[in-house]
Structures are given as structure tokens and as C-alpha cells.
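Thank you all for coming. I would like to walk through one structure this morning, going place by place, and I will ask you to keep the view in front of you as I speak.

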Amino acid sequence: MTPALRRRVFLIAAAAAGVLLVWGLTGLPDYGTYAGPYGHVLNQVAVAERKATNVVAAVTFDYRGIDTMGEEYILFAAVLGVAILLRAQRDETEQAPDEDAADRNAPATSNAVRVIGLALVGPVVLFGLYLVVHGHLTPGGGFQGGVVLATAALLVYLSGEYVTLRRVSPESVTDLAESAGAAGYVAIGLLGLAAGAAFLANVLPLGHPGALLSAGTIPPINLAVGLEVAGGFVLLLSEFLEQTLVIRRPGEVT
Amino acid sequence: MSFLPYGVAAWLLLVGLYGVVTSRNLVHAIICLSVAQSSTYILLLSVGFERGGTAPIFLDVPVGTKAVDPVVGALALTDVVVGATVSALLLALAVQAYKHHGTLDPERFGRDQD
């Protein structure tokens, strides 16, 4: 199919889809007049029932906990897929990372980037941990905090070199963090079964709303997700960096 | 204009798909897919929005304060992170496609290999 023909076919299909979309969307309640019952019910009962002041976290990790487990495993599978796709192929060789390789004409990192990057690593790690452990109280949680934690590894790469990144986040540690996070979620779910309730039931003591140690299983699950997301994103980052810095095609200049 | 956010969601979906269909570069196609995907965030969050509602976080405000729907917020939250990793998976496929075909243009795959 030629590009021009494909474009024409798409435009016809898109026009039809557009009409259907507009037709369907005009049937929705007016923007700003939320009609569904669930949001109102949850906003009324979640704090009393789960002692979590962040109702989004209560929904994500408790009421909808099993769906989030599924989403976490999509993430796990995607990271696994990247690791498998980007491993050294049969005809490729791995060489010691050489940042100054002749075929990589990346500009040298400026001192300003190095200094600011290094100065930011500590605060970013602290902020990431803060987001993870306060997930049940304030905006944040394992997903957001995990991504922020992984950013710290990127800052290390920006302000140092690839070998520095590998030294502060060796593969064994990131692999372990990712797997422990994925397994931890299921383990916390099994806790419910062990206590004679349902899988992922919130069986830990709930405490008082607003306290750091409250909301039962929500903070441990946040911690597991944070580990998994941070480990997964650092793994993604190093897999892609490895492609440019470590893995060489046969005959490629090194 | 109470329809505008829904219109934006529909527009992002269609314009992202147009980009995927007409793309001559896999990296560009993956970014277009992310644009199309971002329409789901807009649609989800605007369905759950309530005029004058605050964030559904009752640490500083008492329970009973008018707040937006937390369910769609939770859906969008996991959507964002999972979407990022799926983009990474697609980019890894693009890296291998480039190694195999020597180009990122899907039109030229399998045509002028050495």
C-alpha cells in the first residue's frame, strides 16, 4: 500500500471514528458535573474505612488492589521484554564501556551539569523516598516515588560516567529490587489469605488517619511498588545506555 | 464550553493515530502512539472532574469536602507509569529493527538491506 493510499484510507476511517467519538462524548454528562456514584461514596467512606487520607491511594492499593497488581505485572513484563530485546545478540560483542570511543562524538559534559547533577542526587533520593512512604497520606506513592528515585540514577550518569552509574546501581541490585517489589506485592496479598480473609484484604492494623504508620497494607504495598518501579526504570535506563556504550556490532569501530 | 475537554481527548486520539499511520520513522511513530494514549488521561480525568471540587485527599480538609472522583485518578496514575514502560519496550524493538534493517523507516524494511 502506498503512503498516499494509506493516508486516504486512514482519513476515511478517522472521519467515521471521529463522528462516533463526538456522538458518544456528547452523551456524557457536562464537564464539571460529575454524576457517577463511586467517587462520592469513596470520598465519604474511604478515610473512615481505611484510615488513608489519600483516597486515590486507597483506591489504587486497596479497593482496586488486584487491578493494580495486574498493572504492576504489565510493567514487570515490559521491563523484562526490554532486557531480553536489548541483550547482546549472537554476532555482537560487549566491550568495556568507553565514553570517549571514536564513533561516539557526544559533547563533553560541562562542569555546570556535573556539579548541579551531583548536588541534586541527594535531594532527589530523599524526595523519592518521601513520596513513597507518604503515599497513603499525601499525593504520591510507589509509582511516582519510584520514578523519582530512578531519576537519581540518571543524574549520576549525567554528572559522572556510565561506569559510575553501574557502580551506584549494579545490575544485581536493580534486578533484586525489581523482583522483590513484584514478589512483595503478592506476598502482602497472601497475608490476607493467611489471616483468613480475601487475597489483598487489608488485614494489618489500620491506625489513625494522618499518621505515618496507618492505613494497614497500603504503605507496605507502596513500598513494594516503589522498589519495583525504581528498579525497573534504572534497568531500562542502563539497558538503553548499554546499547550505545557497551554493545558493538561486528565490524563497528570501537 | 462544557464539551471542550472531551473534544481535546478525541482530537489527541485521532491526531496521534494519524501520526502513527503516516509515520516514516519508528521513534516518531512511538511518540505519536504516546500522544494518542495521553487522550485517555484527559478523558478519564475530565469524566471524574466536579466543578469546585478539590483533590480527593483529606489530610488538610475534612471528609465531606467536595472533591473529584478518586477512581479515575487511580486509573490515570497507573496508566502513566505503565505507558512509559510500554514505550520503552517499543523503543527497544525500534533499536533492534534499526540494527536489522539499517533504517527506522518502516517503508524501507526488507528493501535495501545489504
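Let me begin with two terms, since the next point depends on them: a helix here is a DSSP run of H or I with at least four residues, numbered from the N terminus, and a residue counts as lining a cavity if it has an atom within 4 Å of one of the cavity's grid points. I should also say at once that what you see is a predicted model.

With those terms in hand, which helix gives the most to the lining of the largest cavity? The helix is α9 of chain A, residues 218–245, which contributes 4 residues to that lining. The cavity itself has a volume of about 30 Å³, and the count of cavities of 30 Å³ or more comes to 1. Its lining is made up of A:Arg166, A:Glu171, A:Leu235, A:Ser238, A:Glu239 and A:Glu242, and by residue class these divide into 4 charged, 1 polar and 1 nonpolar.

Staying with helix α9 of chain A, I would point you to A:Asn222, which lies in that helix and has a relative accessible area of 0%, so that it counts as buried. Where does the side chain of A:Asn222 reach? The side chain comes to 2.7 Å from the backbone nitrogen of A:Gly142. Leaving aside residues up to four places away in sequence, A:Asn222 touches A:Phe61, A:Val132, A:Gly135, A:His136, A:Gly141 and A:Gly142.

Next, two backbone conformations. A:Ala215, in the loop between α8 (171–194) and α9 of chain A, has a positive phi of about 70° although it is not a glycine. A:Lys51, which sits in the loop between α2 (37–50) and α3 (55–63) of chain A, likewise is not a glycine and has a positive phi, of about 60°. Are these residues buried or exposed? A:Ala215 is buried, because its relative accessibility is 0% and the cut-off for buried is under 20%, whereas A:Lys51, at 23%, is partly exposed.

Another loop of chain A, the one between α5 (111–133) and α6 (142–159), holds A:Leu137, which is buried at 4% relative accessibility. Although A:Leu137 and A:Val55 are 82 residues apart in sequence, their C-alpha atoms are 8.6 Å apart in space. Beyond its sequence neighbours up to four places away, A:Leu137 touches residues of chain A, including A:Thr53, A:Asn54 and A:Ser214, and it also touches B:Ile57 and B:Leu59.

For contrast in sequence separation and distance, consider A:Ala152 in helix α6 of chain A, a residue that is buried with a relative accessible area of 5%. A:Ala152 and A:Asp91 are 61 residues apart along the chain, and their C-alpha atoms are separated by 34 Å. The residues that A:Ala152 touches, again not counting those up to four places away in sequence, are A:Val121, A:Val124 and A:Val125.

That leaves the interface between the chains. How many residues does the contact take from each chain? The contact takes 60 residues from chain A and 49 residues from chain B, and the area buried between the two is about 4,700 Å², with carbon and sulfur atoms giving 73% of it. Of the area that chain A buries against chain B, A:Phe10, A:Tyr31 and A:Tyr34 supply 16%, more than any other three residues.

Notes. Residues are numbered from 1 along each chain as its sequence is written. Chains are lettered from A and ligands numbered from 1 in the order in which they are written. This is a predicted model: local features need pLDDT of at least 70, side-chain atom pairs count only at pLDDT 80 or more; totals for chains, interfaces and linings use all residues. Side-chain values use heavy atoms; hydrogens and water are left out. On a 1 Å grid over the protein atoms alone, a cavity is a set of points where a 1.4 Å probe fits but cannot get out, and a pocket is an open set with protein on both sides within 12 Å along at least five of seven lines; lining residues have an atom within 4 Å of a point. Grid points are joined across faces, edges and corners, and a volume is the space filled by probe spheres set on the points. Ala, Val, Leu, Ile, Met, Phe, Trp, Tyr, Cys and Pro count as nonpolar, Asp, Glu, Lys and Arg as charged, and the others, Gly among them, as polar. Buried means under 20% relative accessible area, exposed over 50%, partly exposed in between (1.4 Å probe, protein chains only). A polar contact is a pair of N or O atoms within 3.5 Å; within protein, one must be able to donate a hydrogen and the other to accept it, and residues adjacent in sequence count only if both atoms are side-chain atoms. Contact means heavy atoms within 4.5 Å. Buried area is the accessible area (1.4 Å probe) that two parts lose on being put together, summed over both.
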